[in-house]
Amino acid sequence: MPSLRHAFLLNAVRELGRSVPDIAHSRASWDACLERIREVCITTLGMEYDTLTRFDARSVVGLFAHPEQARILARLVDERARLCEAHGRYADALADSVFAGQLLMCSRARFGLPRDARAADVLEREAGTPTPLPLPEE
């Protein structure tokens, strides 16, 4: 059974890795990018994005069996924060950034630092590092 879970998680992380460039590319269209984030959440985690983001971070991380799942959701929430920032919705972007940070903090509290650090390495290797947003010109 553990090998099936591991295979599921690796497939989820790889799917996220394939989808992140599509999400970043579709940031110009609010609806298309948000829909892509929702699709990726269902594909990778098997749960609705809107449902997961309605609860507090500790409760959401409590649903997951592995730190990789919390990292995937944090990455998707961070992508939504980048979408909000790109469309001038700064309050929403800040709220999403805070929630993503809380997910990571709760993941470390629940799974411990070594497992969460391994999850971060796997996610970075498969999905890549998020591209920094350009600073607004003054």
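This is a short tutorial dialogue on reading helices, burial and cysteines in a predicted model.

Trainee: Before I start, what should I know about this model?

Mentor: It is predicted, so local features need pLDDT of at least 70 and side-chain atom pairs count only at pLDDT 80 or more, while totals for chains, interfaces and linings use all residues. Residues are numbered from 1 along each chain as its sequence is written, and side-chain values use heavy atoms, with hydrogens and water left out.

Trainee: How many helices and strands does the protein chain have?

Mentor: Helices (H or I, at least four residues) and strands (E, at least two) are DSSP runs, numbered from the N terminus. Here there are seven helices and zero strands.

Trainee: Let's take α6. What should the 22 residues of α6 span?

Mentor: The expected span is 1.5 Å times one less than the number of residues. For α6 (residues 90-111) that gives 32 Å, and the end C-alpha atoms are 31 Å apart, which agrees. After α6 comes G112, with a positive phi near 90°.

Trainee: Which residues of α6 are buried?

Mentor: Buried means under 20% relative accessible area, exposed over 50%, and partly exposed in between (1.4 Å probe, protein chains only). In α6, the buried ones are A93, D96, F99, A100, L103, C106, S107 and F111. They cover an arc of only 155° around the axis, so they sit on the same side of α6; that arc is taken from the directions from the helix axis to the C-beta atoms. Turned away from that side are the exposed Y90, A91, L94, M105 and A109.

Trainee: What covers the buried residues of α6?

Mentor: The cover includes α3 (49-52), α4 (57-63), α5 (67-86) and α7 (113-127).

Trainee: And how do I describe two packed helices?

Mentor: Use the angle between their axes and the distance between the axes. Axes are lines fitted to C-alpha atoms, for helices over the stretch in contact (heavy atoms within 4.5 Å), and angles run from 0 to 180 degrees between N-to-C directions. α5 and α6 pack at about 170°, with axes 8 Å apart. That makes α5 roughly antiparallel to α6, a label for angles over 145 degrees. Among the residues in the contact are L73 and V77 of α5 and F99 and L103 of α6.

Trainee: How many disulfides are there?

Mentor: A disulfide is a pair of cysteine sulfur atoms within 2.5 Å, and the count comes to zero. The sulfur of C33 is 9.3 Å from its closest cysteine sulfur, in C84, so that is too far for a bond. C33 counts as buried because its relative accessibility is 0%, and C84 counts as buried at 0% too.

Notes:
Parallel < 35°, antiparallel > 145°, perpendicular 65-115°, else oblique.
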